[in-house]
Amino acid sequence: MTDIEAEGEIGRRGFAASDGVPVLQTTGLKRSFTQGDVTIDVLRGIDLTVGAGEIVALLGPSGSGKSTLLQAVGLLEGGFDGSIRIQGTEAAKLDSAGRTATRRDQLGFVYQFHHLLPDFTAAENVILPQLILGATREDALDRANSLLTALGLGQRLGHRPSQLSGGEQQRVAVARALANTPALVLADEPTGNLDEATADIVFAEFLRLVRHQGSAALVATHNERLAARMDRVVRLHEGVLE
């Protein structure tokens with residue numbers, strides 16, 4: 001068993017001990033925007049549950065509200081009505097420090113654009129979130145090396161983002177999101193900026209690592225082919241889940 005697989009076994013056992021509490025649960029989640037005299041209802045009462053270790057595809061065309069939903073459950077924006085529970089904790093009851101701690105301790109994020117720190121190497125980009133969580137530099141480096149090697153970047157650890165291809169940069173972003181073994185990974189079109197062949201490879205690696213470490217994931221995509229590789233598909237249309 002590899003180091004990554006061993007960590008995954010630990011993760012699965014840890015999440016399974018949550019007494020059946022969903023990793024994510026939203027009830028009646030709504031979000032509206034006002035433009036002049038016009039009110040646009042982007043989310044119109046979203047009820048969604050993601051269980052421990054479950055990988056769920058959030059399918060919908062561009063503009064359907066997928067990113068808005070991920071921003072809500074990622075506690076990145078306010079202005080939402082309804083309930084969001086992360087690991088059983090009601091987000092509305094958290095103050096700013098509590099929301100920050102939840103994002104840091106429980107959530108991992110992968111975006112369409114990698115948003116890597118340009119002055120840091122691939123390994124350093126993966127080390128940094130671990131140091132913020134309190135890991136020692138030695139442990140953080142070991143974890144970064146294991147993840148990046150598992151993603152095929154063992155020879156690119158010391159390269160900066162400008163020295164990496166688009167697919168390699170997105171692999172680093174995946175490793176960074178998984179570095180702290182989050183309970184829930186939120187991915188917003190994680191391969192949308194890659195060509196089809198590279199997207200298939202990166203997404204397969206993403207799924208493999210998420211499953212190995214036992215995280216749950218909510219993955220926004222408009223790609224039916226990628227969605228079919230996940231455990232379950234929910235469709236967002238005009239602000240409503242179908």
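## Salt bridges, a helix pair and odd phi angles

Reader: How many Å, N to O, is the salt bridge where the side chains of R104 and D105 meet?
Author: This is a predicted model, so keep in mind that its values are computed from it. R104 is partly exposed, because its relative accessibility of 36% falls between 20% and 50%. D105 lands in that class too, with 29%. The side chains of these two residues meet in a salt bridge, and its N to O distance is 2.7 Å.

Reader: And how many salt bridges does the count come to?
Author: The rule asks for a side-chain nitrogen of Lys or Arg within 4 Å of a carboxyl oxygen of Asp or Glu. A network of them links E196, D200, R225 and R229. By this rule, the count comes to twelve.

Reader: E90 has 11% relative accessibility, so is E90 buried or exposed?
Author: E90 meets R85 in a salt bridge, 3.8 Å from N to O. The R85 partner is partly exposed, at 32%. The cut-off for the lower class is under 20%. With 11%, E90 counts as buried.

Reader: Which residue meets R211 in a salt bridge?
Author: The N to O distance in this bridge is 3.0 Å. The pair ties together distant parts of the chain, 20 residues apart: R211 sits in helix 7, and its partner is in the loop between helix 8 and strand 9. R211 is partly exposed at 33%. Its partner also counts as partly exposed, at 42%, and that partner is D231.

Reader: What does helix 5 reach from its first C-alpha to its last?
Author: Helix 5 covers residues 137-150, which makes 14 residues. At 1.5 Å a residue, 20 Å would be expected. Past the helix comes G152, with a positive phi near 85°. As for the helix itself, its reach is close to that expectation, at 20 Å.

Reader: Helix 4 and helix 5 come within 8 Å, but at roughly what angle do their axes cross?
Author: The crossing is right-handed. On the helix 4 side the contact includes V126, I127 and Q130, and on the helix 5 side it includes A140, R143 and A144. A140, R143 and A144 are among the buried residues of helix 5. The two helices are therefore oblique to each other, with axes crossing at roughly 130°.

Reader: How far apart in space are A179 and A144, C-alpha to C-alpha?
Author: A179 is in the loop between helix 6 and strand 7. It is buried, with a relative accessible area of 5%. Leaving aside neighbours within four places in sequence, A179 is in contact with V126, P129, Q130, R143 and L147. A179 and A144 are 35 residues apart in sequence, yet in space the distance is 6.9 Å.

Reader: Which residue, in the loop between strand 4 and strand 5, should I look at for an odd phi?
Author: Most residues other than glycine have a negative phi. L75, in the loop between helix 2 and strand 4, has a positive phi of about 55° although it is not a glycine, and L75 is buried at 2%. The residue you want has a positive phi of about 55° and is not a glycine either. It counts as partly exposed at 28%, and its name is Q87.

Key:
Residues are numbered from 1 along each chain as its sequence is written. This is a predicted model: local features need pLDDT of at least 70, side-chain atom pairs count only at pLDDT 80 or more; totals for chains, interfaces and linings use all residues. Side-chain values use heavy atoms; hydrogens and water are left out. Helices (H or I, at least four residues) and strands (E, at least two) are DSSP runs, numbered from the N terminus. The expected span of a helix is 1.5 Å times one less than its number of residues. Buried means under 20% relative accessible area, exposed over 50%, partly exposed in between (1.4 Å probe, protein chains only). Axes are lines fitted to C-alpha atoms, for helices over the stretch in contact, and angles run from 0 to 180 degrees between N-to-C directions. Angles under 35 degrees count as roughly parallel, over 145 as roughly antiparallel, 65 to 115 as roughly perpendicular and the rest as oblique. A crossing is left-handed if the near helix is turned anticlockwise from the far one by less than a right angle, and right-handed if clockwise. Contact means heavy atoms within 4.5 Å.
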